[in-house]
Structures are given as C-alpha cells and as structure tokens.
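Here are my notes on this chain, as numbered points. Please read them with the structure open.

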Amino acid sequence: MTTETDLIRNIALVGHQGNGKTTLAEAMLFRAGVVTRPGRVESGNTVLDTQPEEHDRTQSLTLGLASFSWNDYRINLLDPPGYADFAGDAMTALRVADVAVFVIDGVSGLQVNDELLWQAATERAIPRILFVNKMDKERASFDAVLAGIRDHFGSGVEPVDLPVGEASGFTGVADLLTEHVILYDSGSANTSDELPADIADREHEQHEHLVEDVVEIEDDLLSKYLDGEDISVPELEHALRAGFAAGSLWPVLCGSAVDAIAVDRLLDFVCRIAPAPSEVPGIEVRGDGDRVAEVRCDPSGETLAYVFKTQTDEYVGQVALLKILSGSVHADDVLANQRTGAKERLHNLLRVLGSKHTPIDSAEAGDIVGAIKLTDVSTGDTLAPIGSPLTVPPIVHRRPVYGLAVAAESAGDEDKLATALAELVGDDPTLEVTRDSETHQTVIRGAGDVHVQVALTRLKRRYGITLLTEPVKIAYRETLLGTVETEGRHKKQSGGHGQFGVATVRFEPLPRDEGYEFVDETRGGVIPKSLIPAVGKGIAESMGRGGRHGFPLVDLRATVLDGKHHSVDSDDFSFRMAGALALRAAIEKVGTLVLEPVDHVEVTVPSTLQGDVMADLGRRRGQIEGTEPAGDGEVIVIASVPTSEVTDYPVALRSMTHGRGRLALSFKCYQERPEPR
C-alpha cells in the first residue's frame with residue numbers, strides 16, 4: 001500500500017555512542033506492534049544491528065533503516081552509529097531525514113558527539129527534537145541534563161515534558177502542553193489530568209513558561225495572550241510547530257527506551273510536530289551545465305530518486321536504499337542512472353525493516369524504500385527518467401585520515417581482494433582504497449582505527465579472504481646532492497654481435513617538485529640521434545630503482561654532452577645501460593639527499609585545547625602556519641607536518657582532545673629529511 005506524502009515522517013536518531021539510540025528504535029518497534037518483545041543490543045538480537053561485527057562489538061556500526069506504521073503515519077526510522085569513526089553514516093542520515101531526534105543520556109548529559117552532530121544538523125537546517133533517555137537509571141537527572149543542553153544550545157531549547165519520578169521511581173511524564181500526566185504500568189499507558197501532588201506546582205510553573213515562550217512565535221497569539229485570553233492547546237501546538245520548523249525552537253522530551261516509557265509519546269509528538277517531506281525546503285540539484293534547480297517533494301512532479309546507501313545482503317545481494325525526492329516509483333519502472341547513463345529497471349521495490357524486506361508495488365515522493373537486482377548502482381547515484389538532466393549532488397564526506405596496508409595471504413586471492421575492496425567502498429564511500437606505485441602497497445583508509453578494523457573484519461567474513469596487514473610505508477625519495485659530470489660505458493663482446501654505448505652526462509639537482517628533465521647537447525653525431533632517447537630512458541629507469549638509500553630519485557636534470565658509438569654493436573639497449581651507469585656513477589660521486597613527504601594539516605579543536613594541539617604538532621616536527629576561528633568557540637590550527645609523524649595522529653588526537661578534535665590531511669610537498677642522530 002502506498003503511503004501519502006503528507007503522512008510520511010523521516011526520522012534520524014542521532015547522538016553519542018551508548019546513548020541508547022538502537023534501544024530506543026527497538027522500543028518504538030515494540031510500541032508499534034512490529035516486534036512482540038524488544039531486542040537488546042547486548043544480546044545481538046535487535047532489528048537494526050544486523051551485522052555480526054555489530055553483535056561482536058555490541059554497538060551499531062552501520063546505518064540501519066526501519067520502516068513501519070504508527071497510527072495513520074509511515075515512519076522511516078534511520079539509526080546511524082554514534083561512534084565518531086562512523087560519522088559518515090550520521091551525515092547521510094541527516095541528509096535524508098526531515099527531522100533529527102537527538103537521544104541524550106539522562107545520566108551523562110551532553111557528550112562530545114552530541115555537540116558535533118548538533119553542529120552538523122545546524123548547518124543542514126534540519127529541525128531537531130531532544131529525547132532525554134535513561135530516566136530510569138540511577139543518578140539520572142532531567143534538570144541537570146536540561147541545564148547542560150540549554151548552556152550549549154541556547155534558549156531555543158524548550159522542555160515539553162517533565163519526568164514523573166527519576167531513577168527507579170520513574171513512572172511516566174507530564175505533558176506541559178496539555179497538562180496531562182501519562183503513567184506507565186507493566187507496559188500500558190494511562191493518561192490523566194490529575195497531576196501527582198509532588199510535581200503539580202512545578203508543572204504549572206513550567207507550563208506557564210512554555211506558554212510565554214511559544215506565544216512569541218506568532219504575533220496574533222502574543223496579542224491574545226497579553227490581552228489575558230486563554231490560549232488553547234491546538235493554538236499552542238500550531239505555534240510550537242511553526243517555531244520548530246523555523247529552527248528557533250527545539251522541544252525536549254524524556255523517557256526510558258529500556259522500559260519503553262514515553263516512547264509512544266515521542267512517536268505521537270513527532271507525527272504531530274515534525275514536518276512532512278512536502279513541507280521541507282526543496283533540494284538543490286544540478287541540471288544542464290552549471291544550472292542549479294530546486295526540486296520540491298511533490299508526488300505529481302517528475303520522478304527523482306537518490307541512492308543514499310547501498311548494503312550487501314548475504315541472501316539477496318546488494319540492496320540500494322532510495323529516497324524518492326519527487327514523483328513516484330513503481331515496480332518495473334525503468335530509470336536512468338545519471339552517473340553511468342545506463343538504464344536501471346526497478347525489478348523489486350521493498351519496505352526495509354533491518355534485514356527483513358517486504359515487496360511493495362509503489363512509493364510516493366518523500367518515502368524511503370529499498371531496491372534489489374540493480375545492475376550498477378553506488379551510494380550517491382541519482383535515478384531519473386531517461387533524458388532528464390537532473391542530478392542530486394552526492395554528500396561530500398571528510399577525507400579519510402587513518403590508513404593500513406593490506407594484502408591477501410594467498411596469491412590466488414589477490415584478484416578476489418581487489419573486487420572485495422571495491423564492493424566494500426561501494427557500500428561505505430567514507431572508506432578509500434589506493435594502490436601506491438612507489439611502496440607497492442594496497443592501502444585502505446578510514447576515519448580512524450576502529451573504522452578500518454571493522455571494514456577488514458567485514459571483508460574477511462563476506463569474502464573468505466585471509467588478510468595480511470602492515471603499517472603504511474612512507475614514500476621517501478632521493479635527489480642528488482650536487483652537480484656532477486660522469487661517463488657511463490657499456491661494452492660487451494661475446495664473439496658475435498656485441499653491445500657498445502658510451503655517454504657522458506652532466507647531472508644537476510632541480511628545485512623541489514620539478515621532476516625529471518632530459519637535455520641533449522651532443523654535437524657531431526657522437527651518438528646517433530635515434531639512440532639519444534635511449535640514454536634518457538635508461539636514466540629514468542635507474543631513477544625509479546632508487547638511489548643510495550633505495551628510494552626513487554626525483555628532481556633531476558640530465559644533460560648528455562658527449563659519447564661514443566659503434567656502427568655495428570651500438571643499439572637501444574646499449575645506450576639505456578650507458579645512461580643508467582652514468583647515473584650510478586653520479587650517485588657514488590656526490591651522494592644523495594633523502595626527501596620526506598609533508599602533509600598539510602588542519603586540526604579543528606575547542607580554543608581551550610589550541611595550546612595542547614600546537615605543542616603536540618611541534619613535537620612531531622610540525623611547522624605551525626597559523627590559526628583561524630571556526631565559530632562556536634573552536635579554532636583551526638594549520639600546520640605542515642612530515643607524513644611519518646602523523647600516521648598515528650588520528651588516534652592520538654582523539655585521545656588528547658577527548659574526541660573533540662577533527663582532522664583534515666592532504667599531501668603538500670617533499671622536503672629534506674633530517675639526518676638521524
């Protein structure tokens with residue numbers, strides 16, 4: 001059955017690792033009657049943690065999707081991991097969802113990733129609800145957590161619930177809009193307008209504060225309030241919804257995911273307050289050339305679908321998760337993949353509930369569905385009618401900063417490994433796989449050590465490849481220490497056709513990053529013109545074989561000045577050898593200088609940690625180039641640091657800044673490596 005766009009709610013559950021997002025999702029599914037009893041993350045039996053790696057680590061490691069009905073609404077629930085290494089999936093969820101529910105720990109309060117994700121949601125202008133979870137735990141304190149939230153996020157934070165009791169005495173919530181109390185006993189909810197005596201006075205006071213704040217959102221309502229007229233609950237809710245959609249007000253609710261207390265209240269609230277897909281701003285897409293257009297979520301518009309995630313299922317193969325941005329899709333529709341230009345038939349459309357898939361016939365704009373048996377679809381692809389020029393810009397993730405070299409233990413698995421790595425990156429574009437031609441290593445890079453280790457564990461499980469891993473080698477290089485003139489002589493007589501070539505070459509170092517330059521200054525045909533290039537080729541080949549320390553030679557000009565040839569015995573090979581021998585002689589005469597790669601480093605941290613970061617970069621032989629303000633009390637420290645000093649830096653930075661530091665790395669240049677003491 002197709003759900004109307006206005007009755008769809010796309011929700012992302014986000015927050016710090018361990019705040020209980022997956023447990024909350026499980027409680028929602030339980031309250032909706034999708035499961036008969038909630039699963040537990042620790043037991044590995046939740047709907048959304050489907051991967052063995054998630055069961056082993058008892059934490060979410062990939063974006064989960066659960067599509068289910070709640071009363072008349074279709075809920076598409078996105079549950080990304082809370083661990084910082086998997087922030088790419090959280091960014092994806094925020095791109096696709098129309099509302100973010102921030103799950104906050106009722107004991108610990110705001111944590112690092114809560115703040116970072118809030119910043120990301122602010123940049124995307126996505127409406128936010130806060131759900132203070134774990135109110136049933138010892139030392140839970142709604143007031144303390146609320147104060148911390150307001151301190152960080154401002155006066156727009158507005159509680160619409162009060163807890164009835166805390167810790168073991170937590171039994172329900174008081175609704176500040178309706179002034180009703182909802183109490184839970186053995187899983188059932190009972191609503192009453194009789195407030196418990198111990199919170200009645202406080203509830204009335206908080207209700208008045210809520211009314212005062214909400215009426216300011218609409219001028220007519222404010223005038224009515226100032227005139228002493230009563231404000232009805234529907235009027236309050238209408239204004240609350242307007243402020244929420246405008247991003248000036250962020251409601252705070254509370255409950256317990258473990259005991260499913262106030263979870264139904266949260267679902268009801270989201271359905272009433274959160275915008276439908278048709279009510280959110282349109283998405284910018286690219287058209288012909290540089291033209292930018294806006295596409296709104298309109299069921300009657302041209303079909304446009306965005307592949308926000310692909311996942312590999314051991315039974316059905318690749319599952320492409322699609323958000324229908326406009327129009328509608330039907331089973332067996334044929335759309336064009338705007339990246340490849342190829343036609344894709346939607347053989348099977350699916351409702352997705354974790355690893356469970358239910359076939360459907362169609363879906364309207366705003367909905368999120370799965371599709372299988374597509375030919376060549378990757379994360380970030382756009383599916384559109386044949387001939388349409390529209391393309392949805394893919395998410396630009398932060399470049400991965402932590403790498404590990406991998407190889408198949410068995411030579412017969414090398415081709416299999418290449419295919420497996422490509423599929424792994426297809427599922428998770430925040431990973432990167434490269435082949436370094438200098439170090440001859442295949443390197444997989446991710447956001448951190450956990451990200452990479454999880455990817456390799458998944459690769460071993462899926463493809464049965466036994467892997468060897470080692471640290472990433474540093475691609476050092478060498479260059480000559482000075483200018484020198486040498487002769488390369490290759491002579492070989494074996495009774496028949498021999499080999500003979502002599503070349504006199506001047507070698508001189510070039511400025512950094514100038515590469516290799518070959519010049520011919522011979523006169524009088526001492527070396528035939530047809531054989532001159534062979535000298536240069538032999539030098540280039542010898543440069544690749546390395547200098548005195550075994551690293552490739554770079555930044556070198558070779559000028560062939562003189563030489564000798566034999567009318568019979570001289571050939572291309574002879575003069576290639578002559579060029580190579582001339583370079584070997586030059587290296588022996590003047591020696592070489594080792595060059596090391598240097599990275600451009602940008603570290604974003606709270607300004608209070610700026611000094612610690614700068615001191616640490618200095619200990620890593622870094623040159624601080626400056627700082628820039630980053631807003632929200634943060635600063636960007638900019639430096640040049642030798643690559644060898646930052647291979648472990650992502651892990652060290654996280655430890656040093658307690659997860660608050662963000663790192664960007666890019667290659668900058670080569671520079672002289674200091675001689676070891």
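1. Start with Thr-58. This residue sits in the loop that joins α2 (52–57) to β2 (64–70). The model is a predicted one, so please read every value below as computed from it. Thr-58 is not a glycine, yet its phi is positive, at about 45°. Its relative accessibility is 39%, so Thr-58 counts as partly exposed; the partly exposed class runs between 20% and 50%.

2. Glu-179 is worth viewing alongside. It lies in the loop between β8 (172–175) and β9 (180–185). Glu-179 is not a glycine either, and its phi is positive at about 60°. With a relative accessible area of 22%, Glu-179 is partly exposed. The cut-off for buried is under 20%, so Glu-179 does not fall in the buried class.

3. Now the chain as a whole. It has 15 helices and 36 strands. Its C-alpha atoms fill a box of roughly 110 × 60 × 50 Å along the principal axes. Of the 677 residues, 52% are buried. Among contacts with a separation of 6 or more, 71% are between residues 24 or more positions apart.

4. On surface and charge: the accessible surface of the chain is about 29400 Å². Carbon and sulfur atoms account for 47% of that surface. There are 65 positive and 106 negative side chains. The centres of these two sets are 12 Å apart.

5. Which residues of α9 are buried? Helix α9 spans residues 263–273 and is mostly covered, with 9 of its 11 residues buried. The hydrophobic-looking names are easy to spot in the list: Val-263, Leu-266, Leu-267, Phe-269, Val-270 and Ile-273 are among them. The buried set also includes Asp-264, Arg-265 and Cys-271.

6. Next, the largest pocket. Its volume is about 950 Å³. The lining has 36 residues. Nearest the centre of the pocket lie Ala-84, Ala-87, Arg-398, Arg-662 and Leu-663. Which element gives the most to this lining? That is α4, with 6 residues. Elements that supply at least two lining residues each include α3 (87–96), α4 (112–123) and α15 (649–657) among the helices. The strands β33 (592–606), β35 (634–642) and β36 (662–672) do likewise.

7. Leu-556 is in strand β32 (residues 556–564). Is it buried or exposed? Its relative accessibility is 1%, so Leu-556 counts as buried. Leaving aside residues up to four places away in sequence, Leu-556 touches Leu-480, Phe-507, Glu-508, Leu-510, Gly-515, Tyr-516, Glu-517, Met-543 and Leu-583. Pro-511 is 45 residues from Leu-556 along the chain, and the two C-alpha atoms are separated by 8.5 Å.

8. Last, Ala-534, in helix α12 (residues 532–545). Its relative accessible area is 2%, so Ala-534 is buried. Outside residues up to four places away in sequence, Ala-534 touches Asp-572, Phe-575 and Arg-576. For a view across the chain, pick Ala-534 and Asp-220: they are 314 residues apart in sequence, and their C-alpha atoms are separated by 87 Å.

Methods. Residues are numbered from 1 along each chain as its sequence is written. This is a predicted model: local features need pLDDT of at least 70, side-chain atom pairs count only at pLDDT 80 or more; totals for chains, interfaces and linings use all residues. Side-chain values use heavy atoms; hydrogens and water are left out. Helices (H or I, at least four residues) and strands (E, at least two) are DSSP runs, numbered from the N terminus. Buried means under 20% relative accessible area, exposed over 50%, partly exposed in between (1.4 Å probe, protein chains only). Contact means heavy atoms within 4.5 Å. Accessible areas come from the Shrake-Rupley method with a 1.4 Å probe; for residues, only the protein chains shown count as cover. Lys and Arg count as positive and Asp and Glu as negative; His and the chain ends are not counted. The place of a charge is taken as NZ of Lys, CZ of Arg, CG of Asp or CD of Glu. On a 1 Å grid over the protein atoms alone, a cavity is a set of points where a 1.4 Å probe fits but cannot get out, and a pocket is an open set with protein on both sides within 12 Å along at least five of seven lines; lining residues have an atom within 4 Å of a point. Grid points are joined across faces, edges and corners, and a volume is the space filled by probe spheres set on the points.
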